[in-house]
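Please read the sequence and the structure shown here together with the paragraphs below them.

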Amino acid sequence: MKLELERRALRFRHPLQTSYGELCERELIVVSLTDEEGAVGYGEAAPLEPYDGVSVKRTQTALEGYAPVIAAARGLNGAQLIDACRRVDDLPAALAAIDLALWDRGGRIGGTSVAAMLTDDPAAEVPVNATLASLDRAGVADEAAAAVDAGFRCVKLKVGIGDDAGRVAATRAAIGPKVALRLDANGAWDVEQAVRAIETLAPSGLELVEEPVHGLHGVREVRERVAVRVAIDETAAEHGALGAGVADAVCLKISRCGGIAATIAAATLVRASGAEAYIASTYDGPLGVAAGVHVAAALASRGPVPHCGLATLALFQGLADPLPARDGHIAVPTGGGLGVDPY
């Protein structure tokens with residue numbers, strides 16, 4: 001089997017401000033796997049160094065290291081091939097790209113969607129939240145109102161980046177009392193700051209606060225001291241975090257987990273701990289978002305899935321969105337494999 005790589009960049013319509021810095025562009029690596037019969041599958045590596053500490057260069061090096069293993073692999077199934085790559089370089093972002101391409105290739109060959117390969121009864125659509133990016137009260141209120149008009153029943157707002165109280169209040173006023181309001185601090189606070197901030201913002205009615213602090217111990221303490229539900233995101237990468245039961249919900253990322261099968265396994269562990277699991281992109285491209293949609297659809301066959309952070313492709317300039325949100329949901333692609341083509 002032949003592995004090919006291509007680095008591509010997507011530019012955001014407007015710079016995105018987070019607690020870990022401003023994002024203007026998203027660089028990704030698109031991979032293709034072609035077998036001896038000419039069947040092709042596509043995947044995507046989506047490291048985000050300011051967020052997860054993994055650079056595109058580091059990921060490309062890992063993928064280039066997999067090429068000889070993949071070229072020499074004969075008679076190995078997908079899981080065995082992933083294990084062989086892992087022995088070369090155990091980097092989840094790179095393994096995820098190969099994993100996606102294997103699932104996509106298998107689905108394209110059989111004319112079956114990834115979701116249908118994962119479960120006999122996948123959901124037809126996945127509930128998603130809108131992501132609000134404006135840094136001022138008027139701008140975020142306009143974004144929030146537009147999201148509600150478009151049918152979203154959950155909106156997500158970055159906090160820990162200035163005027164949190166004003167922006168949260170403006171968002172709640174714009175969306176009304178029935179739409180869920182989710183905050184994401186990306187670990188901007190320490191424990192005491194997080195407790196004070198959440199207590200200040202709680203009167204606006206919060207669905208949950210994602211990653212108020214980094215680290216299992218800190219998250220546990222914050223959760224014990226506030227009356228708002230707490231989720232982990234970056235902290236989910238810590239050893240033992242998925243089954244620790246320190247949060248009410250866990251945000252899972254395809255790239256961080258190492259692929260589709262690994263994300264399903266992670267969600268199963270999270271649910272066994274008593275927490276909810278939902279899927280989000282790290283501003284992935286279409287292939288990564290599609291993988292997240294398929295995983296969420298498969299998980300929905302085993303129980304309710306909270307709103308997922310997968311409606312992010314519209315944030316990019318000049319990209320035709322193959323997975324648009326309609327009335328707050330993304331329809332699961334029904335074509336073979338991931339159901340989207342490389343961009």
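The text below takes up the sheets, the helices and an aromatic pair in turn.

The model is predicted. Its N-terminal part is a good place to begin. Here three strands make up an open sheet, with antiparallel pairing and the order β1-β2-β3. Strands β1 (2–18) and β3 (40–45) are the edges, each of them paired on one side only. From one strand to the next, the twist averages 20 degrees.

The pairing can be followed strand by strand. β1 and strand β2 (residues 21–34) run antiparallel and are joined by 13 bridges. The two strands form a hairpin, and two residues lie between them. Individual positions show the register of β1 against β2. L3 is opposite L33 in β2, R7 has I29 of β2 as its bridge partner, and A9 has E27 of β2. As a general point on such pairings, side chains in a regular strand alternate between the two faces of the sheet.

On the other side of the sheet order, β2 pairs with β3 in the antiparallel sense, over six bridges. One position to look at is V30, which stands opposite E44 in β3. β2 and β3 also form a hairpin, with five residues between the strands, and in this hairpin G38 has a positive phi near 95 degrees.

Which strands does helix α2 touch where it packs on the sheet? Helix α2 (residues 56–72) is in contact with β1, β2 and β3, and its direction makes about 160 degrees with that of β1. Helix α4 (residues 92–110) likewise lies across β1, β2 and β3, and α4 runs at about 155 degrees to β3.

Strand β1 also takes part in an aromatic contact. In the whole structure, a search finds three aromatic pairs. One of them is F12 with Y283: the ring centres are 5.5 Å apart and the planes stand at 90 degrees, so the pair is edge-to-face. The cut-off behind that word is an angle of over 60 degrees between the planes. Where do the two residues of this pair lie? F12 is in strand β1, while Y283 is in the loop between β11 (276–279) and α12, so the pair ties together parts that are 271 residues apart in sequence.

The loop that holds Y283 leads on to α12 and its packing against α11. Two packed helices are described by the angle between their axes and the distance between the axes. For helix α11 (residues 260–272) and helix α12 (residues 286–300), the angle is about 40 degrees and the axes are 10 Å apart. α11 and α12 are therefore oblique to each other, and the crossing in which α11 passes α12 is right-handed. On the α11 side the contact is made by I260, T263, I264, A267 and R271, and on the α12 side by A291, V295, A298 and L299. By class, the residues of this contact are seven nonpolar, one polar and one charged.

A second helix pair is formed by helix α8 (residues 191–201) and helix α9 (residues 216–225), whose axes come within 10 Å and cross at roughly 35 degrees. The crossing of α8 and α9 is right-handed. V191, E192, A194, V195, I198 and E199 of α8 meet G218, E221, V222 and R225 of α9. How do the residues of this contact divide by class? The contact of α8 with α9 has five nonpolar, one polar and four charged residues.

What remains is another open sheet. Its three strands follow the order β4-β13-β12, and the pairing is antiparallel. The edge strands, each pairing on one side only, are β4 (125–127) and β12 (325–326). β4 and strand β13 (residues 329–331) run antiparallel and are joined by three bridges. In this pairing, E125 has A331 in β13 as its bridge partner.

How values were computed
Residues are numbered from 1 along each chain as its sequence is written. This is a predicted model: local features need pLDDT of at least 70, side-chain atom pairs count only at pLDDT 80 or more; totals for chains, interfaces and linings use all residues. Side-chain values use heavy atoms; hydrogens and water are left out. Axes are lines fitted to C-alpha atoms, for helices over the stretch in contact, and angles run from 0 to 180 degrees between N-to-C directions. Helices (H or I, at least four residues) and strands (E, at least two) are DSSP runs, numbered from the N terminus. Angles under 35 degrees count as roughly parallel, over 145 as roughly antiparallel, 65 to 115 as roughly perpendicular and the rest as oblique. A crossing is left-handed if the near helix is turned anticlockwise from the far one by less than a right angle, and right-handed if clockwise. Contact means heavy atoms within 4.5 Å. Ala, Val, Leu, Ile, Met, Phe, Trp, Tyr, Cys and Pro count as nonpolar, Asp, Glu, Lys and Arg as charged, and the others, Gly among them, as polar. Two strands pair if DSSP finds at least two bridges between them. Rings of Phe, Tyr and Trp (its six-membered ring) pair if their centres lie within 6.5 Å; planes under 30 degrees apart count as stacked, over 60 as edge-to-face and the rest as tilted.
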